[in-house]
Amino acid sequence: MKSLDIHKSEYLKQFETQTYGRNLFRTQEEERLDAPNEECGIFGMYSDNDLDTFSLSQFGLFALQHRGQEACGISVLKKGRITNLKDEGLVLDVYKDIQDPETFMGNSAIGHTRYTTAGDKKKYNFQPFFAKNEYDQIILSIAHNGNLTNAKELKTELEAEGVVFRATSDSEVILRLIQKNLDLGLRGAIKMTMEKIEGAYSVVGMTRNKFFAFRDFNGIRPLVLGAIDEKSYVVASESVALDAVGAQYVRDILPGEIVYTNENEPGKLHSYMADETKGKQRICSFEYIYFARPDSSLENINVYEIREKSGEKIWHQAPVEADVVIGVPDSGVPAAIGFAKASGIPFRPVLIKNRYIGRSFIVPTQEMRERVVNLKLNPIISEIKDKRVVIIDDSIVRGTTSKRLVKILKDAGVKEIHFRSVSPPIIAPCYLGIDTPSKDDLISANMTTAELRDYLGVDSLEFLSVENLKEILGSANHCFGCFTEQYPVGKGEEVELFN
């Protein structure tokens with residue numbers, strides 16, 4: 001037991017200074033094809049006093065880097081003026097290029113780290129989005145995590161009213177609706193916007209004298225609230241961003257809740273429920289399985305504990321005789337530790353990471369791309385040769401990564417391979433902010449478990465059941481759409497939001 005606790009502490013400690021990499025067997029190209037991907041992380045902070053928003057927003061966004069690696073942006077409020085900067089690249093790279101940090105120090109900031117779901121990868125789709133007045137001054141800026149299912153319809157309506165769109169992202173629909181209704185006051189404008197938009201959304205934003213955040217009526221995408229002191233607040237996609245800036249977790253923003261400041265009461269954060277009858281909790285279950293950092297807590301549930309319990313549960317669901325348990329770094333490791341605790345089969349950190357390899361490793365051929373995987377993760381052959389191995393992974397999407405993993409283990413001389421996925425079979429795409437392949441490309445939607453076992457070439461294959469996942473999470477009040485094809489809101493059109 002003691003050795004397992006050491007594994008846990010070492011495992012979690014590393015992410016304080018290094019970015020969290022969910023499944024390091026996936027090549028950069030495959031991250032888009034053979035994994036569900038989160039579209040972004042959002043961060044916001046407000047204080048009655050001036051803060052080092054340049055440094056603190058950088059720390060907060062770095063903690064959320066795993067939620068998006070394509071682009072990063074910030075808006076900072078300083079003495080009634082909003083300054084915006086956004087660029088392609090990782091958080092630290094974008095901040096490194098800022099020539100004058102003093103420009104980005106104020107009393108409020110919002111930030112975004114991007115992964116594309118709706119809209120293309122052009123710079124005009126990078127966030128935060130902002131609106132200007134006739135004097136070319138930014139009057140409103142927002143950052144959005146999620147996906148609107150009626151964005152195309154709303155965009156058409158707004159264009160008919162003369163609203164000009166500058167991007168091809170559903171997030172701009174939220175911006176323009178708030179901007180259009182600002183004559184109702186900020187709270188009224190947000191409420192009106194929430195009544196019209198559908199889908200999944202967590203939003204942080206600012207005007208020239210206010211800070212705000214709000215969450216959809218199902219709470220599908222996460223959003224947590226923290227405090228640095230009595231007059232300084234932080235809102236972020238995950239609690240690890242609060243930890244990164246020295247804020248204490250207060251609670252999660254409620255489904256359908258708007259939190260906001262008022263210029264007449266500086267330092268006070270107000271709360272307003274947009275519609276008391278609509279709010280219900282349906283947070284994405286995949287946040288716990290895969291997306292969130294393991295040292296995060298969402299809805300007062302610790303992510304690491306859920307992942308460890310999932311390993312324990314799948315042992316009880318599908319026990320097997322074996323010599324060694326291994327987990328795919330980083331996301332499969334807690335479940336592998338849980339499996340080992342429940343089974344008594346020793347866990348071994350057999351897959352060794354090269355911490356110095358970057359994401360931008362570019363090679364021209366498929367053969368060489370395959371070899372990049374071995375540069376990122378290399379097995380300790382002496383620990384697994386001629387042994388029966390249980391491999392724990394977070395999920396199986398298209399199956400290509402899993403098949404490569406099996407080949408690496410076989411090449412290392414493993415005698416038996418027993419594959420365990422601690423998510424249920426993914427049989428349907430997500431329309432609510434997660435980038436998943438089409439149903440035709442989801443291998444569990446097109447193969448039985450027995451057929452997939454033969455395709456992977458393993459001795460046994462088991463998936464955690466949906467019922468066991470609900471038991472681990474403690475309720476059925478989550479979105480399980482990718483496992484059941486039943487969604488908390490309508491999925492909208494199965495087409496690109498903007499052509």
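These exercises walk through a few residues of a predicted model.

**Exercise 1. Which residues does the UniProt annotation "binding site" cover, and how far apart are their C-alpha atoms?**

Step 1. Start with the record. The unreviewed UniProt entry places its "binding site" annotation on Cys-284, Cys-430, Cys-479 and Cys-482.

Step 2. Check the spacing. The four span 199 residues in sequence, yet no two of their C-alpha atoms are more than 10.1 Å apart, so they gather at one spot.

Step 3. Look at the surroundings. Cys-284, Cys-430, Cys-479 and Cys-482 belong to the lining of the largest cavity.

**Exercise 2. Decide whether Cys-284 and Cys-479 are buried or exposed, and find their contacts.**

Step 1. Locate them. Cys-284 sits in strand β15, residues 283-284. Cys-479 sits in strand β25, residues 478-479.

Step 2. Apply the cut-off. Buried means under 20% relative accessible area. Cys-284 has 8%, so it is buried. Cys-479 has 9%, so it is buried too.

Step 3. List contacts, skipping residues up to four places away in sequence. Cys-284 contacts Ile-220, Arg-221 and Cys-479. Cys-479 touches Cys-284 in turn, and its other contacts include Arg-282, Leu-432 and Pro-488.

**Exercise 3. Describe the setting of Thr-53.**

Step 1. Find its element. Thr-53 is in helix α3, which covers residues 53-63.

Step 2. Judge exposure. Its relative accessibility is 0%, so Thr-53 counts as buried.

Step 3. Inspect the side chain. A polar atom of the Thr-53 side chain lies 2.9 Å from the backbone nitrogen of Gly-106.

Step 4. Widen the view. Beyond four places in sequence, Thr-53 also touches other residues, among them Met-45, Val-76, Phe-104 and Ser-108.

Terms used:
Residues are numbered from 1 along each chain as its sequence is written. This is a predicted model: local features need pLDDT of at least 70, side-chain atom pairs count only at pLDDT 80 or more; totals for chains, interfaces and linings use all residues. Side-chain values use heavy atoms; hydrogens and water are left out. UniProt positions are given in the numbering used here, feature names are shortened, and annotations may be inferred rather than shown by experiment. On a 1 Å grid over the protein atoms alone, a cavity is a set of points where a 1.4 Å probe fits but cannot get out, and a pocket is an open set with protein on both sides within 12 Å along at least five of seven lines; lining residues have an atom within 4 Å of a point. Helices (H or I, at least four residues) and strands (E, at least two) are DSSP runs, numbered from the N terminus. Buried means under 20% relative accessible area, exposed over 50%, partly exposed in between (1.4 Å probe, protein chains only). Contact means heavy atoms within 4.5 Å. A polar contact is a pair of N or O atoms within 3.5 Å; within protein, one must be able to donate a hydrogen and the other to accept it, and residues adjacent in sequence count only if both atoms are side-chain atoms.
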